[in-house]
Amino acid sequence: MPVFLAHLMTTGLGPFYDGLAHLFVTPEDLLPVLALSLAAGLRGPAGGRAVLFVLPAAWFAGTMLGRLFAPHWIWPVVSAGLTVSLGALAAIDRRLPTAIVAVLAAMLGLWNGSWNGIELARSGAAALGTGLGIACAVFVVVALLGAVAAAVRALWARIAVRVAGSWIAAAGLFMLGWALR
Amino acid sequence: MSLNTQRRSGGLATLAWLLPAALFAHTRGGEAAGLLAGLSHPVSGLDHVLAMVAVGLWGAQLGPPAVWLLPVAFPMVMALGGTLGLVGVHLPGVEIGIALSAIGLGAAVLFEAKPKLGVAAALVGFFAIFHGHAHGTELPPGANGLLYSIGFVVATGLLHLAGIGIGTIHRWPAGRTALRWTGALVALAGLAFLWKAVT
């Protein structure tokens, strides 16, 4: 089984901007963040606020910790599983306690952040700057998307958010297939 | 060389000196090719297009909550079928299953079938497995697999939306008749696919 690595890009503008750009060109990381932002936003402002601070902090902590781990096929497999679960969570629109949403955010941040950290250690890139850049990008995505989802009132708009969640879950299933292939 | 041409050349040279690091440093390959291939693949085969649009048409006939539940269920189960294909699980009679999906969904639209929501979702999900298994893994060489899959899911979802959009004519009597005829055409096309699959 191949070891998939969360690729890190080089913008030529320094580690912080490399980290900022990384999230937007890495669907393996972007998709679960989108799913969690939508799911948390559907829970209202409290859910959105929990994810807004927990996810970037956990992602940064994971990036720092991940430098200690070795590449393994389990990283993309679990990441794909998280993407499926979070996409499905947005799709089914179940009311979850804010604490559970925060725990899910911590799990995602630590896991995918660690995966980024492994790649950072492998490539010899500056972990602190890149990790901060990734965490800031995560913060921005959660703030924007979570706010949009939290503001949704019309039934059709809520359904649109749930459909987006189902598409992310479907893409996550394919991600799992590609990781296991 | 005129002065203007020289100035333009100088400007381009300066731009070329400034940009390479930013533009070419990202070395992952096949992203655009993968996404575009995934987006275009579902609309390149009539079997997939007709079945996807028929899901939307049937959903529109059934009304809420089926109108959004069926298009939510289909991509997720389709992805499951694609994952089975990716990990090497053999599914017999895939082409026959795809042909039967057009026949079944076309007939459902033709007869305005109104089963229980769970039965409708299970039927749509059953057909989705064949579509995912057959089309979800046809990755062009050099393309990014995940982005191909994302494009494939999005295009499939948009085909459902197109079906739901067309299905809004259901509110008028003439539209209801037109919708049923459309279902008949889909079912007939399915019979043609079935003939092709078994001969």
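Student: Which of the elements of chain B has the lowest mean pLDDT, and which the highest?

Tutor: pLDDT is the predictor's confidence in each residue, on a scale from 0 to 100, and where it is low, the predicted coordinates should not be read in detail. In chain B, helix H2 (residues 20-24) has the lowest mean pLDDT, 38, and helix H6 (residues 94-110) the highest, 92; helices here are DSSP runs of H or I with at least four residues, strands are runs of E with at least two, and both are numbered from the N terminus. Over residues 12-27 of chain B the pLDDT is below 50, and this stretch has 10 contacts in the model beyond near neighbours in sequence, two residues being in contact if their C-beta atoms, placed from the backbone, lie within 7 Å. For chain B the mean pLDDT is 81, with 80% of its residues at 70 or more, and the predictor gives the complex an ipTM of 0.81 and a pTM of 0.81. This is a predicted model, in which local features need pLDDT of at least 70 and side-chain atom pairs count only at pLDDT 80 or more, while totals for chains, interfaces and linings use all residues. Residues are numbered from 1 along each chain as its sequence is written, and chains are lettered from A and ligands numbered from 1 in the order in which they are written.

Student: How many helices and strands are there in chain B?

Tutor: Chain B has nine helices and zero strands. Of its 199 residues, 46% count as buried, that is, they have 20 or more other C-beta atoms within 10 Å of their own, against 12 or fewer for exposed and a number in between for partly exposed, with C-beta atoms placed from the backbone.

Student: At what angle do helix H4 and helix H5 of chain B pack?

Tutor: Two packed helices are described by the angle between their axes and the distance between the axes. Helix H4 (residues 46-62) and helix H5 (residues 66-86) of chain B pack at about 150°, with axes 7 Å apart, where the axes are lines fitted to C-alpha atoms over the stretch in contact and angles run from 0 to 180 degrees between N-to-C directions. H4(B) is therefore roughly antiparallel to H5(B), the term for angles over 145 degrees, whereas under 35 is roughly parallel, 65 to 115 roughly perpendicular and the rest oblique. The residues that meet include Val55(B) and Trp58(B) from H4(B), and Leu70(B) and Phe74(B) from H5(B). By class, the contact has nine nonpolar, two polar and no charged residues, counting Ala, Val, Leu, Ile, Met, Phe, Trp, Tyr, Cys and Pro as nonpolar, Asp, Glu, Lys and Arg as charged, and the others, Gly among them, as polar. Pro65(B) lies in the loop between these helices, and the peptide bond leading to it from Pro64(B) is cis, with omega near 0°.

Student: Is His160(B) buried or exposed?

Tutor: His160(B), in helix H8 (residues 145-167) of chain B, is buried because 25 other C-beta atoms lie within 10 Å. Leaving aside neighbours within four places in sequence, its contacts are Met52(B), Val55(B), Gly56(B), Pro71(B) and Phe74(B).

Student: How many residues does the contact take from chain A and from chain B?

Tutor: The contact takes 25 residues from chain A and 26 residues from chain B. On the side of chain A, H7(A) gives the most, with 15 residues, and that side has 16 nonpolar, six polar and three charged residues.
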